[in-house]
Every structure is written in structure tokens, then in C-alpha cells.
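I open these notes with the chain as a whole, then turn to the strands and the cysteines.

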Amino acid sequence: MSIAVIYWSGTGNTEAMAQAVEEGAKSAGAETILLPSAAFDASMVSQYDAIAFGCPAMGAEVLEESEFEPMFTACLPELSGKTIALFGSYGWGDGEWMRQWEDTCTNAGAKLACDSVICCGYPDEDAIDSCKKLGAALA
């Protein structure tokens with residue numbers, strides 16, 4: 001099983017979550033790669049059995065718009081039938097960006113491996129544990 005963990009992080013919160021997702025996938029026996037969103041594109045989707053995408057909420061609870069969102073939008077047509085998982089941090093709001101992101105993915109035909117993981121600010125021990133479980137669920 002090969003898993004890509006793709007993320008954008010401005011403050012390090014989502015990066016810490018991505019590292020925990022990768023750790024969980026590895027502990028479940030998967031081969032993993034951890035990449036910032038700038039190093040990933042739609043042509044790479046087919047190289048992995050499953051993909052975890054991580055992005056914090058930005059602005060009015062939207063995906064980061066200059067780097068992550070364009071990459072993800074380009075990947076979206078390739079995600080039909082693909083097993084994925086979503087994670088990210090936020091600083092305000094109630095997680096609306098994640099609910100919208102989940103809907104976008106399922107409407108495109110992606111299969112969510114498990115419940116998405118969100119946390120407010122830097123991930124605490126519970127959030128890190130949830131991220132590890134998310135990675136294991138992908139594997």
C-alpha cells in the first residue's frame with residue numbers, strides 16, 4: 001500500500017498533523033511519502049493507492065487559495081474512486097471548511113477512508129492520536 005500525505009501549512013499546525021498521519025500510515029505497514037502541496041500535482045494521483053490531504057481553514061473558512069486550492073482543484077477529477085482522507089487546523093469558526101471540502105470530495109467520487117480530523121490551533125495529544133488513526137485507516 002502506498003500513501004501520499006499532501007499538505008499546506010502556514011504556521012506549522014497542519015504540518016505537525018501531516019507528520020502524525022504519515023506516522024500512523026507507516027505503523028500500519030504502508031509505504032509513505034510526505035509532500036508539501038507545491039511538490040504535488042494531478043499527474044501524481046495515480047501513483048498512490050490512497051492520499052491524505054491536509055489544509056488549514058483560511059479567511060472565511062476556505063482552503064488556502066494561492067497554492068493548495070489550485071493544486072487540489074486540479075487533482076479533483078483524478079480522485080473518483082480513490083481512497084482519501086482529509087485533515088487540517090483552524091483558528092476560528094466551527095469547521096465549515098472541512099464539511100464543504102468533504103462534500104466536494106464525495107461529489108467528485110472520492111471515497112473518504114474515515115472521519116476527517118480537525119483541530120483548533122496546534123494539535124494537542126488527542127488530535128495527534130486522531131491523525132495517526134487517520135493514517136492507519138488509509139493503510
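I began with contacts (heavy atoms within 4.5 Å) and found that, among those in the protein chain between residues at least 6 apart in sequence, 76% join residues at least 24 apart. For the record, I am working on a predicted model, in which local features need pLDDT of at least 70 and side-chain atom pairs count only at pLDDT 80 or more, while totals for chains, interfaces and linings use all residues. Residues are numbered from 1 along each chain as its sequence is written, and side-chain values use heavy atoms, with hydrogens and water left out.

Next I looked up the secondary structure, taking helices (H or I, at least four residues) and strands (E, at least two) as DSSP runs numbered from the N terminus. The protein chain has four helices and six strands, in the sequence order β-α-β-β-α-β-α-β-β-α. Its radius of gyration, taken over C-alpha atoms, is 13 Å, close to the 14 Å that the globule rule (2.2 Å times the number of residues to the power 0.38) gives for 139 residues, so the chain is as compact as a globular protein of that length.

I then followed the strand pairing, which requires that DSSP find at least two bridges between two strands. Strand β1 (residues 2–7) runs parallel to strand β2 (residues 31–36) over six bridges, with A4 opposite I33 in β2. β1 also pairs in the parallel sense with β3, over five bridges, and here Y7 faces G54. On β3 I noted five further bridges to strand β4 (residues 83–90), again parallel, where F53 stands opposite L86.

I checked the burial of strand β3 (residues 50–54), counting as buried under 20% relative accessible area, as exposed over 50%, and as partly exposed anything in between, with a 1.4 Å probe and protein chains only. Five of its five residues are buried, with A50, A52 and G54 on one side and I51 and F53 on the other. I recall that side chains in a regular strand alternate between the two faces of the sheet.

Last, I searched for disulfides (pairs of cysteine sulfur atoms within 2.5 Å) and found zero in the whole structure. Why is C75 without a bond to C105? The C105 sulfur is the closest cysteine sulfur to that of C75, but at 10 Å it is too far for a bond. C75 is buried, at 0% relative accessibility. C114 is in no disulfide either, the nearest cysteine sulfur, that of C131, being 9.7 Å away, and C114 is partly exposed, at 23%.
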